[in-house]
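Colleague: I am new to this structure and would love a guided tour. Could you show me how to read it, one feature at a time?

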Amino acid sequence: MKKVYEELEKYQIPYKKVEHEAVFTVEQSQKIKKKIEGIGCKNLFLKDSKKNYYLIILDDQSHISLKDIASKIGSKRLSFASSDELLQILGLSPGSVTPFGILNDEENQCLIIIENTLENKNLLFHPNTNTATISILYDDFIKFLKLKKHEYKILK
């Protein structure tokens with residue numbers, strides 16, 4: 001968590017944060033939105049049969065199937081990566097999935113896929129722990145990805 005704040009401050013990327021009890025699901029995180037401004041994000045760590053890894057970032061109110069996501073990104077089939085793969089690649093545990101896990105993805109193994117409906121919004125993410133939430137502007141998040149030289153695509 002400290003590393004996330006240090007990186008944002010190093011690049012002079014503004015953010016707001018709130019600490020709270022641990023949350024593990026989108027439903028549990030709904031009460032956090034009353035404490036901090038932004039769009040809740042659903043973060044799915046997925047893989048395809050070729051062991052390509054994806055972190056899909058969706059509006060937490062989106063209802064899209066894995067089949068639809070696979071079709072949109074040109075994959076035949078997607079499934080959830082294992083907790084071991086999540087730990088190995090992003091250094092995270094289930095319930096704490098966040099795009100800030102790329103700080104642990106030194107080999108750039110995970111492609112970030114961002115739902116286009118999130119453009120120009122304040123986004124809510126965990127700072128690599130599910131006991132805090134950060135609000136960051138979409139453009140500042142994209143700036144962060146670029147500064148970290150991490151690949152991303154927009155899901156349309």
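Modeller: Gladly! Let us begin with the vocabulary: helices and strands here are DSSP runs, numbered from the N terminus. Keep in mind that this is a predicted model.

Colleague: Let me try that naming on a residue. Where is Ser 62 found?

Modeller: Ser 62 sits in the loop that runs between strand E3 (53-59) and helix H3 (66-73).

Colleague: And is Ser 62 buried or exposed?

Modeller: Buried means under 20% relative accessible area. Ser 62 has a relative accessible area of 11%, so it is buried. Leaving aside residues up to four places away in sequence, Ser 62 touches Lys 42 and Glu 115.

Colleague: Now a helix, please. Which residues of helix H1 are buried?

Modeller: First, the general idea. An α-helix has 3.6 residues a turn, so residues three or four places apart point the same way. In helix H1 (residues 2-10), the buried residues are Val 4, Tyr 5, Glu 7 and Leu 8. These residues lie on the same side of H1 because they cover an arc of only 160° around the axis.

Colleague: What covers the buried residues of H1?

Modeller: The cover includes strand E1 (16-19), strand E7 (132-137) and helix H5 (138-147). On the face of H1 turned away from the buried side you will find Lys 2 and Lys 10, both exposed. After H1 comes Gln 12, with a positive phi near 55°.

Colleague: On to the cysteines. How many disulfides are there?

Modeller: A disulfide is a covalent bond between the sulfur atoms of two cysteines. The cut-off used for the sulfur atoms is within 2.5 Å, and by that rule the count is zero.

Colleague: Why is Cys 41 without a bond to Cys 110?

Modeller: The closest cysteine sulfur to that of Cys 41 is in Cys 110, and at 15 Å it is too far for a bond. Cys 110 is likewise in no disulfide. Cys 41 counts as buried because its relative accessibility is 12%, and Cys 110 is buried with a relative accessible area of 1%.

Colleague: Last stop, the pockets. How much space lies in the largest pocket?

Modeller: The largest pocket holds about 370 Å³ of space. It is lined by 20 residues, and those closest to its centre are Thr 25, Val 26, Cys 41, Asn 43 and His 126. Helix H2 (26-29), strand E2 (39-48) and strand E6 (122-125) each give two or more residues to the lining. E2 provides the largest share, with five residues.

Colleague: Which classes of residue make up that lining?

Modeller: The lining has nine nonpolar, eight polar and three charged residues.

Key. Residues are numbered from 1 along each chain as its sequence is written. This is a predicted model: local features need pLDDT of at least 70, side-chain atom pairs count only at pLDDT 80 or more; totals for chains, interfaces and linings use all residues. Side-chain values use heavy atoms; hydrogens and water are left out. On a 1 Å grid over the protein atoms alone, a cavity is a set of points where a 1.4 Å probe fits but cannot get out, and a pocket is an open set with protein on both sides within 12 Å along at least five of seven lines; lining residues have an atom within 4 Å of a point. Grid points are joined across faces, edges and corners, and a volume is the space filled by probe spheres set on the points. Helices (H or I, at least four residues) and strands (E, at least two) are DSSP runs, numbered from the N terminus. Ala, Val, Leu, Ile, Met, Phe, Trp, Tyr, Cys and Pro count as nonpolar, Asp, Glu, Lys and Arg as charged, and the others, Gly among them, as polar. Buried means under 20% relative accessible area, exposed over 50%, partly exposed in between (1.4 Å probe, protein chains only). The arc is that of the directions from the helix axis to the C-beta atoms. Contact means heavy atoms within 4.5 Å.
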